Amino acid sequence: MTVTFQLNGEDCSFHGDPMTPLVDILRRERFLTGTKAVCREGFCGACTVHVDDEAVPSCLKPIGLVQGCAVTTIEGLSSGNQALHPLQANFEAADAVQCGMCFPGMVMSLSAFVRDNPHASRPEIKAAMVGNICRCTGYERIVDAVADCLDQARKAGQSVGGIHV
Amino acid sequence: MSELSATVMNLPRRDAQDKLRGRTKYTNDRVRPDMLHAVLLRSPVPAGHIRKLDVSAALRCPGVRAVATGADAPGLYGIGIADHPLLAIDTIRYHGEPIAVVAAETEKQARAALAVIVLEVEPLAPVSTMAEALQPAARLVHEGWRGYEVITEGGARAGNIAWEAKSSRGDVDAAFARPDIRIVESSFTVGRQSHVPFEPRVAIGSWEDGRAHIQTSTQVPWTVRNVTGRVMQLAPGRVRVTVPPVGGGFGLKFDASIEPITALLARMTGRTVVLENTRQEEMATCLCRENAEIRIRSAVTAEGYIAGREAVVLMDCGAYGGEQVFLTTMTAHTLAGNYRVGATRLVSRAVYTNTPPNGAFRACNGVYNTFALERHTDEICDALGLDPMEFRKKNVLGDGDLGATGQVFEADVLVPMLDRMEALRASTGTSEAKADGRLYGIATTVGTWFVFVGPSTATVNLNADGSATLVTSGVEIGSGTMVQSLPQIVAGQLGLAPDQVIVREADTDAAGLDVGVGGGRTTVSIGAASLAACAEVREKLLRTAGEMLQTRPEDLVLRDGRVEITGRPGSGMSIPAVVAHAQATTGPITGSGAFTARNTPAMSGCAMGHFIDALDIPVFVVHEAEVAVDPDTGHVEVLAYRVVQDVGRALNPRAILGQIQGGVVQGLGYALHEEVTLTADGRIAQDDFETYRLPLAQDVIPVAADLYEGAPSMGPLGTKGAGEVPILAVGAAIGCAVARAIGKPVRQLPLTPPRVLRLLHEREPPPEFPHIAPGWASNTLG
């Protein structure tokens with residue numbers, strides 16, 4: 001079966017088993033290894049990408065279901081020398097990163113969340129992170145950085161990352 | 001010290017941007033289409049004899065380039081004792097043990113070939129528990145244990161006891177016979193903890209110019225090099241190990257495991273081979289923090305003086321000795337490095353079972369021994385009617401006190417740290433109001449850990465652009481040492497900015513021997529070696545500049561990228577000018593440094609079978625937890641958590657606070673819900689993210705932490721390791737706080753809601769160890 005979709009803004013097609021998980025296409029065929037395959041069961045969130053602007057775990061997304069969709073990976077969120085997404089900039093500034101493997105998925109999940117929830121409270125941010133596990137950091141710095149990011153956007157009268165997604 | 005002000009800073013991580021953009025290439029991101037894929041045939045039974053292993057059909061499968069079995073790599077490896085084959089040879093000792101490996105053009109082809117390997121196993125009744133293993137008539141997990149090569153002498157061994165370490169100081173029998181003491185005895189049991197690094201164990205092997213090259217996700221490149229040499233019966237110098245950024249380690253990657261298999265297959269095929277554990281394999285064969293059983297007895301006077309103490313600690317090493325052989329050493333320090341005790345004797349045994357082998361996990365044996373000791377301390381206080389905080393202040397080790405092996409501890413550290421905890425609590429307030437009708441408990445606990453010093457090397461090359469290149473075998477596992485503390489140390493010594501220090505990633509062909517990244521040792525040991533390398537660089541730099549400036553070298557300082565005359569900012573010349581002159585006259589400026597343990601003495605005859613008789617750098621913590629227990633569900637909510645941590649000197653306080661938050665949360669998982677159980681057929685039951693309950697954002701709270709500086713340390717600039725120890729006393733603090741909340745003794749972790757409910761309703765049977773004899777000496781090999 002042939003599946004055509006947009007990948008980081010470019011047309012892309014796949015020929016093969018439509019049940020192939022999207023994460024495997026991204027990593028093994030397109031070498032977009034920023035999307036991490038960690039649990040492959042939808043619990044850890046490290047493989048989160050945007051499909052038509054919604055954050056989804058790419059391990060649970062059969063490629064056949066992205067026919068005609070626009071897929072954005074971490075590489076497409078701020079590509080080349082583009083400025084970091086405000087969430088990425090806040091994570092960097094807060095020294096939130098440790099081993100770093102959960103962060104691409106964390107950024108993809110939370111970038112959709114902050115776009116849609118500009119007034120989210122700290123408990124709401126934590127609730128939104130239920131599908132993103134981090135084994136290193138103990139989470140609090142990530143939550144703080146998301147809250148700071150929303151604060152900054154509110155003060156500037158903008159939505160977070162609106163220009164990117 | 002002038003370089004100190006140039007060294008201490010909250011330097012951000014240079015690797016953060018790439019990690020956040022998904023550009024960092026971890027080992028498992030480096031798979032290329034031209035690589036062969038290896039998959040393992042693993043044992044379907046926990047114990048047995050291999051009667052037939054025929055791989056001929058697999059070799060004929062499409063795409064298959066090689067199949068290897070134990071016969072292809074007959075050497076044995078281990079820590080202390082060489083008992084571990086790379087692939088099972090004749091005997092199967094655990095469910096999931098690798099037996100054969102197929103390398104094929106695709107993973108699918110390799111798996112298809114696995115399915116046609118003929119394996120016939122005569123199953124044996126597994127030795128599933130330490131209780132079974134210690135029965136007098138127990139089947140031996142290693143029938144040939146006597147014949148194994150002993151790599152480190154000194155431990156007692158017999159049958160299913162892989163290793164025994166003992167410490168004994170003073171007359172314990174006399175202490176227990178005193179008329180003025182009460183005897184308090186407690187028993188504890190803890191399960192395993194799975195590390196769950198996001199990057200599983202993975203390696204990419206190639207065969208280049210007659211040598212193996214392994215790229216791998218490891219904390220110990222030199223161990224992988226040496227083990228690969230052993231199992232392949234090659235000189236270790238014919239193995240090169242390089243290490244890309246590591247996606248989490250936590251101790252799991254402090255030993256070799258699957259890496260040598262890729263070198264073996266690369267030699268057989270001439271191709272580059274990748275082997276990566278699936279998540280199921282990773283968790284089913286995780287070298288977990290071991291399950292353990294602990295019995296402690298203390299003889300205490302009415303005033304609260306601990307006249308005598310004895311303990312038996314059984315550590316399940318699983319099918320092979322591994323790290324547990326070494327870790328038996330730690331009982332002497334974790335059970336007797338906290339409190340002043342008159343006479344003490346401790347025995348710690350690593351016991352073979354037919355279960356997946358265990359390994360090292362952040363603060364290893366210390367986490368459960370600290371839980372056991374702190375709960376035991378509270379039971380002493382309950383029995384004697386003493387206030388637990390007063391008891392601790394009165395009895396914690398201070399300047400001149402003796403540890404279990406007769407080590408003399410320096411300086412009063414724990415008492416002032418307890419005072420600091422009270423000050424921290426006064427500043428944060430307590431959270432009892434948040435209990436909101438649930439059962440409330442608060443507990444303050446202490447813990448002692450150490451820095452695993454050992455050998456490290458460093459080379460510093462000073463470049464003509466004024467930058468410096470630091471070459472070590474250090475690995476960035478996420479803790480930040482390679483991107484924060486080490487460049488800070490080198491920059492501070494050479495008057496550079498940290499971003500002028502280039503840090504080479506580990507390559508055993510480029511840097512000298514290193515014990516590895518773990519045990520809180522990187523900043524201390526590689527830092528000390530780097531400091532020594534910088535001293536040589538400074539000496540050469542100042543000598544050259546002295547000639548150029550016609551000034552004595554001792555009148556020169558390095559500051560802001562310049563060599564200046566002391567007290568005259570802006571004088572002298574730039575470092576690049578001096579380097580250029582040296583390159584043209586005496587040669588490029590380079591320095592090398594080395595470091596190892598000081599080997600602090602123990603008292604003669606006190607330590608038997610120990611890899612470390614005394615702690616070169618003890619590290620102390622004080623942890624305090626407040627909990628609310630729901631009496632209807634048994635759910636424990638952590639309301640507040642406070643830490644005072646002995647850091648020696650904080651080079652990057654913000655990074656240390658990040659380690660404390662992360663380490664405490666791993667400890668909360670261990671204390672409350674990370675549970676590993678073994679099935680009747682010896683499998684780890686929790687082999688995915690659905691069954692193993694990791695901490696989530698909603699489970700955690702911000703940890704309030706105070707960094708205690710100034711305790712003595714042989715570390716560079718007075719540092720101690722800060723990343724390992726934050727997990728040490730979490731099980732202790734939570735266990736003690738829950739026990740106080742529910743008014744029942746807590747003797748087992750994790751405190752899952754069902755277990756807490758059973759405790760509340762007195763339906764949780766206390767641990768009983770019929771396999772631990774009543775007399776201490778009967779639990780030793782004599």
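**Exercise 1.** Does Asn8(A) count as buried, partly exposed or exposed, and why?

*Solution.* The model used here is predicted.
Step 1. Locate the residue: Asn8(A) lies in the loop between β1 (2-7) and β2 (10-15) of chain A.
Step 2. Take the neighbour count. Asn8(A) has 19 C-beta neighbours inside 10 Å.
Step 3. Apply the cut-offs: a residue is buried with 20 or more other C-beta atoms within 10 Å and exposed with 12 or fewer. Asn8(A) therefore counts as partly exposed.

**Exercise 2.** Classify Arg40(A) by the same kind of count, then describe its backbone and that of Asn8(A).

*Solution.* Step 1. Arg40(A) sits in the loop between α1 (22-29) and β3 (48-51) of chain A.
Step 2. It has 21 other C-beta atoms within 10 Å, so Arg40(A) is buried.
Step 3. Turn to phi. Arg40(A) has a positive value, near 60°, and is not a glycine. Asn8(A), also not a glycine, has a positive phi of about 50°.
Step 4. Set this against the general rule: most residues other than glycine have a negative phi.

**Exercise 3.** Find the cis peptide bond between Leu749(B) and Pro750(B) and place it in the chain.

*Solution.* Step 1. The bond from Leu749(B) to Pro750(B) has omega near 0°, and is cis.
Step 2. Most peptide bonds are trans.
Step 3. Pro750(B) belongs to the loop between β33 (748-749) and α20 (753-760) of chain B.

**Exercise 4.** Describe the seven-stranded open sheet of chain B and the helices packed on it.

*Solution.* Step 1. Write the strand order: β3-β8-β1-β17-β14-β15-β16 of chain B, with mixed pairing.
Step 2. Identify the edges. These are β3 (64-69) and β16 (239-242) of chain B, each of which pairs on one side only.
Step 3. From one strand to the next, the twist averages 25°.
Step 4. Examine one pair. Strands β1 (residues 36-42) and β17 (residues 273-276) of chain B run parallel and are joined by two bridges. Within this pair, His37(B) is opposite Val274(B) in β17(B).
Step 5. Add the helices. Helix α7 (residues 221-232) of chain B packs on the sheet, touching β15 (211-216) and β16, and makes about 150° with the direction of β16(B). Helix α8 (residues 259-269) of chain B also packs on the sheet; the strands it touches include β1, β8 (98-104) and β14 (202-208), and its direction makes about 35° with that of β14(B).

**Exercise 5.** How compact is chain B, and what makes up its largest nonpolar core?

*Solution.* Step 1. Chain B has 20 helices and 33 strands.
Step 2. Its radius of gyration is 27 Å, close to the 28 Å that the globule rule gives for 782 residues, so chain B is as compact as a globular protein of that length.
Step 3. Of the 782 residues in chain B, 61% are buried.
Step 4. The largest nonpolar core holds 307 residues; those touching the most other members include Ala38(B), Leu265(B) and Val351(B). Helix α16 (residues 522-549) of chain B gives the largest share of this core, twelve residues.
Step 5. Take Val351(B) as a case. Beyond its neighbours within four places in sequence, its contacts include Met130(B), Asn160(B) and Leu314(B).

**Exercise 6.** Describe the side of chain B that touches chain A.

*Solution.* Step 1. Contacts link 42 residues of chain B with 41 residues of chain A.
Step 2. Both α2 (16-21) and α18 (653-672) of chain B supply at least two residues of this side of chain B. The largest share, seven residues, is from α18(B).
Step 3. Sorted by class, this side of chain B has 18 nonpolar, twelve polar and twelve charged residues.

Note on methods:
Residues are numbered from 1 along each chain as its sequence is written. Chains are lettered from A and ligands numbered from 1 in the order in which they are written. This is a predicted model: local features need pLDDT of at least 70, side-chain atom pairs count only at pLDDT 80 or more; totals for chains, interfaces and linings use all residues. Two strands pair if DSSP finds at least two bridges between them. Helices (H or I, at least four residues) and strands (E, at least two) are DSSP runs, numbered from the N terminus. Axes are lines fitted to C-alpha atoms, for helices over the stretch in contact, and angles run from 0 to 180 degrees between N-to-C directions. Two residues are in contact if their C-beta atoms, placed from the backbone, lie within 7 Å. A nonpolar core is a set of buried Ala, Val, Leu, Ile, Met, Phe, Trp, Tyr and Cys residues joined through C-beta atoms within 7 Å. The radius of gyration is taken over C-alpha atoms; the globule rule is 2.2 Å times the number of residues to the power 0.38. Ala, Val, Leu, Ile, Met, Phe, Trp, Tyr, Cys and Pro count as nonpolar, Asp, Glu, Lys and Arg as charged, and the others, Gly among them, as polar.
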